[in-house]
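This briefing goes through one protein–ligand model by topic. The points are grouped so that each can be checked against the coordinates.

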Amino acid sequence: MEPLRDEVHSVKGRRIVLGVTGSIAAYKSVELLRLLRSEGAEVQVFLTRTAQSFVGPATFEALSARPVVKDWSDQTEIAHVEAGHRTDLFLIAPASAHFLAQMAHGLAPDPLSAALLSFQGQVVVVPAMESRMWTHPATQANVERLRARGVQLLGPERGALASGRSGQGRFMEPEHIVAALRFDGGDLEGEHILITAGPTREPIDPVRVLSSRSTGTMGLAIAREALARGAEVRMVLGPIGRDPGTEPGLERLSIHHVESALDMQAAVHAHLEEASVFVAAAAVSDFRPAQARGQKLKKDAPGADRIELVLNPDILADVGRSPARPGLVIGFAAETVDVLAGARQKRTRKGADAIVANRVGLSQGFGEGQTEVHWVEAETEEPSGPVDKAEAARFVVDRISRSVRRAKNE
Ligand code: C5P
């Protein structure tokens, strides 16, 4: 009996695209699909034309309980997959030498390659081919390219090959693939993520404060997604009127509650050294009253109609330039106009690796509801399309995971 999986590793409820390409091992993907389905995954199968000469779509359709994508005319399924945030993982199994070459060079002659090009999340390939094809410098160079891009490889293993010879190139056994996905499901294992979230509250007097409407929802959604993917997450949280630590999916979250920007800055610095990723999702008050009055301000007191303000420290910029800077620093930019231009500027000004930009209006940005975010890096800018906060968090965490993998492969 296999041990039960814990939630972090489970493929249960995960949405997987299984891409089957032209290798004799294609028949083994039928068993792979059966295992994934029995573990509770939703699977959309794509068959390349060559794969179809090894194995037909009927069995895949029956086991996945949905139409297989075989060519460009299977529009509905393609559209579904191309709404990239609906898919957790692309699993290319078996991956032929030809398909690896195609992926490495970004060619898209078939629906599977095209869907891969519009997908930014986790990609796993399971090569299967003759050992001479595998060891050929062309294949090895392609594999290196894919690895550098963050693509994960499983196998190939040594053993008997379809040709009757023996060597490296054998398709990993389906149950071992599923076992490895268990591990990959926690793609942020070993990462320590430090997140600021919520508003800050700057005292004017013992009763009144300067604050913002931030609810901490985005930071908490990122924490939930990162925890589910195996990360250790610590949050420095401004006042949101509740303790979210007992809410579903946040039980493992360590929360450091703070009030003001100065408190938040001190808490961030106290935890910075342990962090491999820093995410600044807090709506930090740019200013604070120069002096917090010791007594409630009376409206007829001299100078009561004026509050002198001083600038708060910029916590993100501080971290971005700190000698203890974590490998990955992510900021947010909520703007009402010129969202992308503002985000680009902020990225360089604050020393961040990436900025998540979103437009805020009266009904957008803060709290629940649909929004659209943009991931702004030095080289790439990607929109999420319309998403709710949980989907936006997954979009952001997918990119954090990709950056972490990329850094590890470098
Ligand atoms: O400059 P602006 O406030 O728009 O920048 C937003 C980004 O900077 C967010 O990631 C926010 O958490 C961070 N920030 C900060 N400390 C400040 C102001 C903003 O960490 N004082």
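The ligand is surrounded by A280, A282, V284, D286, P313, D314, I315, L316, G331, F332, K346 and K350. The model is a predicted one, and the values below are computed from it. The protein chain has 410 residues, of which 52% are buried.

**Ligand site**

- At I315, a polar backbone atom is 3.0 Å from a nitrogen atom of the ligand.
- The side chain of K346 places an N or O atom 2.5 Å from an oxygen atom of the ligand.
- K350 has a polar side-chain atom 2.8 Å from an oxygen atom of the ligand.
- On its own the ligand has 440 Å² of accessible area, and the protein covers 86% of that.
- Two lysines, K346 and K350, are among the residues around the ligand, as are the aspartates D286 and D314.

**E335 and its link to K346**

- E335 belongs to strand β16, which spans residues 328-335.
- The side chains of E335 and K346 are joined by a polar contact of 2.6 Å.
- K346 is also one of the residues around the ligand, so the partner of E335 in this contact lines the ligand site as well.
- Beyond four places in sequence, E335 touches G342, K346, N358, R359 and V360.
- Is E335 buried or exposed? Its relative accessible area is 16%, and because the cut-off for buried is under 20%, E335 counts as buried.

**E202**

- E202 is located in strand β9, made up of residues 202-203.
- With a relative accessible area of 1%, E202 is buried.
- The side chain of E202 makes a polar contact of 2.8 Å with the side chain of T200.
- Setting aside neighbours within four places in sequence, the contacts of E202 are R208, V209, L210, S260, A261, S285, F287, R288, P289 and N312.
- The C-alpha atoms of E202 and R405 are 39 Å apart, with their positions 203 residues apart along the chain.

**F287 and the nonpolar patch**

- F287, one of the contacts of E202, lies in strand β14, which covers residues 287-289.
- Which residues form a nonpolar patch on the surface with F287? They are I307, L309 and L311, and together the four have about 380 Å² of accessible area.
- The relative accessibility of F287 is 38%, which puts F287 in the partly exposed class, because that class lies between the 20% limit for buried and the 50% limit for exposed.
- F287 thus touches the buried residue E202 and also takes part in the surface patch.

**Backbone geometry**

- Most peptide bonds are trans, and most residues other than glycine have a negative phi. The items below depart from that pattern.
- The peptide bond from A93 to P94 is cis, and its omega is near -5°. P94 sits in strand β3, residues 89-95.
- A cis peptide bond also runs from G155 to P156, with omega near 0°. P156 is in the loop between β5 (152-153) and β6 (157-160).
- A65 is not a glycine, yet its phi is positive, near 60°. A65 falls in the loop between α3 (57-64) and α4 (75-82).
- A65 has a relative accessibility of 58% and counts as exposed, because the exposed class begins over 50%.
- D338, also not a glycine, has a positive phi of about 45°. The loop holding D338 runs between β16 and α13 (339-350).
- D338 is exposed, at 60% relative accessible area.
- Strand β16, which comes before the D338 loop, is the strand that holds E335.

**Whole chain**

- The protein chain contains 14 helices and 19 strands.
- Taken along the principal axes, its C-alpha atoms fill a box of roughly 95 × 45 × 40 Å.
- The protein chain exposes about 19300 Å², and carbon and sulfur atoms supply 52% of this area.
- Of the contacts between residues at least 6 apart in sequence, 67% join residues at least 24 apart.

Terms used
Residues are numbered from 1 along each chain as its sequence is written. This is a predicted model: local features need pLDDT of at least 70, side-chain atom pairs count only at pLDDT 80 or more; totals for chains, interfaces and linings use all residues. Side-chain values use heavy atoms; hydrogens and water are left out. Patches are made of residues with over 30% relative accessible area and no salt bridge: like charges are joined within 9 Å, nonpolar side chains (Val, Leu, Ile, Met, Phe, Trp, Tyr) within 5 Å. Accessible areas come from the Shrake-Rupley method with a 1.4 Å probe; for residues, only the protein chains shown count as cover. A salt bridge is a side-chain nitrogen of Lys or Arg within 4 Å of a carboxyl oxygen of Asp or Glu. Helices (H or I, at least four residues) and strands (E, at least two) are DSSP runs, numbered from the N terminus. Buried means under 20% relative accessible area, exposed over 50%, partly exposed in between (1.4 Å probe, protein chains only). A residue is near a molecule or strand if one of its heavy atoms lies within 4 Å of it. A polar contact is a pair of N or O atoms within 3.5 Å; within protein, one must be able to donate a hydrogen and the other to accept it, and residues adjacent in sequence count only if both atoms are side-chain atoms. Contact means heavy atoms within 4.5 Å.
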